[in-house]
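Subject: Structure for your files

Hello,

Here is the structure I said I would pass on. My notes on one pocket and the strands around it follow below.

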Amino acid sequence: MTAVVGRGFAFDDLKPGFRFRTHRRTIAEADVAAFINLTWLTEELFAVVENEAGSSARAIKGRPVPGALVYSFAEGLLLATMQDTGLAFLNCTLDVKAPTVVGDTIHVECEVVEHRLTSKGDRGLVRFANKVVNQRGEVILEYNPLRLLKKK
């Protein structure tokens, strides 16, 4: 059999303790605007652009990015790791650790923390500990998805 270029990790490729990281992605102003318009996440903190003469005193320097967008980008960065092998996203807990602003560049650092075969035996459950990290090395979001993956 010939290997398929771009195929993600199969259940058999992963074991507890296996680690990897994704490529990077810089979050642009257009990304925030498109996300807000798509999701209707119209919280004033994200939807109102203030100039330097703005009246509010934000604790965050720069235009804040919704945690939901950061999570969405993290999942996009991870797509290559489960292309053609991922069957289901089952659950996760998510914790926003620090603010993200327009111009931040993020990547995802992952570790397999749980790995078990399903009762059918033709697929497996894998839980990851994912950390989204910015260009300063700060962890800005953590989540632990449980995914159903194909065997080889």
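A pocket here is an open set of grid points with protein on both sides within 12 Å along at least five of seven lines, and its lining residues have an atom within 4 Å of a point. Please keep in mind that this is a predicted model.

The pocket in question is the second largest, with a volume of about 150 Å³. Its lining consists of Arg19, Phe20, Arg21, Glu109, Cys110, Glu111, Ala129 and Lys131. Sorted by class, five of these residues are charged and three nonpolar, with no polar ones. Three strands each supply at least two residues of that lining: β1 (19-21), β5 (105-117) and β6 (123-133).

As for the pairing, β1 runs antiparallel to β5, and three bridges join them. One of the bridge partners is known by residue: arginine 21 is matched with glutamate 109 in β5. Both residues also appear in the pocket lining, as Arg21 and Glu109.

β5 has further antiparallel partners. Strand β2 (residues 25-26) is joined to β5 by two bridges, and arginine 25 has isoleucine 106 of β5 as its bridge partner. Between β5 and β6 there are ten bridges, again with antiparallel strands; here arginine 116 has leucine 125 in β6 as its partner.

β5 and β6 make a hairpin, with five residues between the two strands. In that turn, glycine 121 has a positive phi of about 85°.

Regards

Terms used: Residues are numbered from 1 along each chain as its sequence is written. This is a predicted model: local features need pLDDT of at least 70, side-chain atom pairs count only at pLDDT 80 or more; totals for chains, interfaces and linings use all residues. Side-chain values use heavy atoms; hydrogens and water are left out. On a 1 Å grid over the protein atoms alone, a cavity is a set of points where a 1.4 Å probe fits but cannot get out, and a pocket is an open set with protein on both sides within 12 Å along at least five of seven lines; lining residues have an atom within 4 Å of a point. Grid points are joined across faces, edges and corners, and a volume is the space filled by probe spheres set on the points. Helices (H or I, at least four residues) and strands (E, at least two) are DSSP runs, numbered from the N terminus. Ala, Val, Leu, Ile, Met, Phe, Trp, Tyr, Cys and Pro count as nonpolar, Asp, Glu, Lys and Arg as charged, and the others, Gly among them, as polar. Two strands pair if DSSP finds at least two bridges between them.
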